[in-house]
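User: Can you walk me through this structure? I'm new to this, so keep it simple.

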Amino acid sequence: TETYPSVKRDSKFKHLSSEDITFFQSILSQQELLLASDQDNLEFYNEDWMRKYKGQSSLVLRPKTVKKVSQILKYCNDNHIAVVPQGGNTGLVGGSVPVFDEVILSLNYLNQIRDFDPVSGILKCDAGVILENADQFLAEHGYIFPLDLGAKGSCHVGGVVATNAGGLRLLRYGSLHGSVLGLEVVLPNGAIVSSMHALRKDNTGYDLKQLFIGSEGTIGVITGVSILTPPRPNAFNVSFLALENFQAVQNVFVKAKKDLAEVLSAFEFMDSYSQDLTRKHLENINHPFEEEHPFYVLIETSGSNKEHDDAKLEAFLESVIEEGLVVDGVVAQDETEFRNLWQWRELIPESAQANGGVYKYDISLPLKDLYSLVEAANQRLEQLGILGDVPKPVIRAIGYGHVGDGNLHLNVAVREYSKQVEEALEPFIYEFISSKKGSISAEHGLGFQKKNYIGFTKTEPEIRLIKDLKHHYDPNGILNPYKYV
Ligand code: FAD
Ligand code: 2HG
Ligand code: ZN
């Protein structure tokens, strides 16, 4: 766990006093407030999913109403008390946990569906609704949440909006910048900005909600989300393919877009190292292929007519095998196989850190350069003599991700977190990305991990504008301090 040697607590922030606690107790019930005396419970909120970042907050507030969120923020702003907004705490850049003693404002109990219109498919819900619960609610009405990701059982609708998460079906449903129609946000001064619009088209001035999508809790707390959801497809297929090289991955992608066209809903890739780690982690399930292959691709189709989709997928698979682009392939025959095949992709993040820790890089790069970074990283770690069997600290750099969106996940699996490994990887990786005109954060955000590296993707004038906006919305800087702005 990182102990933040590189930052100092900002003395402008007040240390909590007993009067502060008394105030919070006056507006919140016992269930809505967790104190340091409740150490076990606080631990979950203080430490991130990777067990890499850990704060020392002694107070977690879990308000059940938007009005209480407003009262909390106003009090903290007036008293210069730092606050970290927290959803499901599944973020991967150290943004969701305190760095020092910031008060944790958890959205856990703001978790009600507010409204659903079965004609337009517009869902309005509280920010703290768990993504999977929102999707299950929608399933009952024949709709689907336009975003899916491995952390769906824990992450919040508000959390995915705050990080502008991309996930496994962005290729099909697009970014949240397109599907979110309105937000309710509480500003640091306690003002409730309610713009839970349900309009697809609205050109009345600046599109203010966009600023909060992906703002990572730095300028306001999202309390409500209005989102356009598409009809749930009633036919799904998944196929898992083995390929010889990354050029073949690209060729199959181009062909899938053309041949599967409107039914293509996910195109994910995985290298052999990622599957190695996952095989070890999922000892009890058989991998779709006994033999190892350099690359794998998972293709999902979804549509309204099973026979039509099956015919398209079958013709596509025949042709990629005939052309020699794919060396082996399987297609899920039932719901269980469908889920099992997806597991080999969705459980990579968990497997990558199962041996002690993981350094994660979430990168946008031109497709042709996407995999070269994984090769460069392994080469560098090897040259530095820190990759290999015990006692070497690094197990392997692995690559996988959302090829369809030009998004690579480079994970460096380690036996334990260490400065030596971090310094081998950073800024090396960020320099590589910058040289190829990529982004150092495709979908996870900047949080604490990448706070010093924003300049590798954004220009100075852009960073100035970001700081101006932060200052405008949060003049006292109480919201998520020490993170990227
Ligand atoms: P948290 O982790 O609690 O918070 C994340 C950030 O948002 C923090 O900065 C926090 O301060 C802020 N925040 C949270 N809620 C609010 C709010 N209501 N108002 C204001 N700020 C808020 N991401 C992808 O993009 N694609 C993936 O495919 C993907 N897969 C994942 C798979 C796994 C197994 C895991 C662990 C993570 C994955 N992620 C993925 C990371 C992703 O960022 C999160 O899962 C999700 O977007 C965060 O939601 P959360 O509710 O857990 O937010
Ligand atoms: C995914 O696509 C997530 O599985 C997590 O974005 C990626 O853990 C990672 O690096
Ligand atoms: Zn991802």
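Here is a short set of questions and answers on the model, its two ligand shells and a hairpin.

Analyst: Heads up: this is a predicted model, where local features need pLDDT of at least 70, side-chain atom pairs count only at pLDDT 80 or more, and totals for chains, interfaces and linings use all residues. Residues are numbered from 1 along each chain as its sequence is written, while chains are lettered from A and ligands numbered from 1 in the order in which they are written.

User: What pLDDT does the chain average?

Analyst: pLDDT is the predictor's confidence in each residue, from 0 to 100. Here 99% of the residues score at least 70, and the chain average is 96.

User: Which element gives the largest share of the shell around ligand 1?

Analyst: A residue counts as near a molecule if its C-beta atom, placed from the backbone, lies within 6 Å of it. That shell holds 37 residues, with Gly-87 and Gly-159 among the closest. Helices (H or I, at least four residues) and strands (E, at least two) are DSSP runs, numbered from the N terminus. β3, α5 and β9 each supply at least two residues, and the largest share, five residues, comes from α5.

User: Which elements give two or more residues to the shell around ligand 2?

Analyst: Ligand 2's surroundings include Lys-360, Asp-362, His-409 and Asn-411. The elements giving two or more are β14 (357-364) and β16 (407-414).

User: Which residue in the hairpin of β7 and β8 takes a positive phi?

Analyst: Strands pair if DSSP finds at least two bridges between them; β7 and β8 are antiparallel, with four bridges. Five residues sit between the strands, and the one with a positive phi near 95° is Gly-190.
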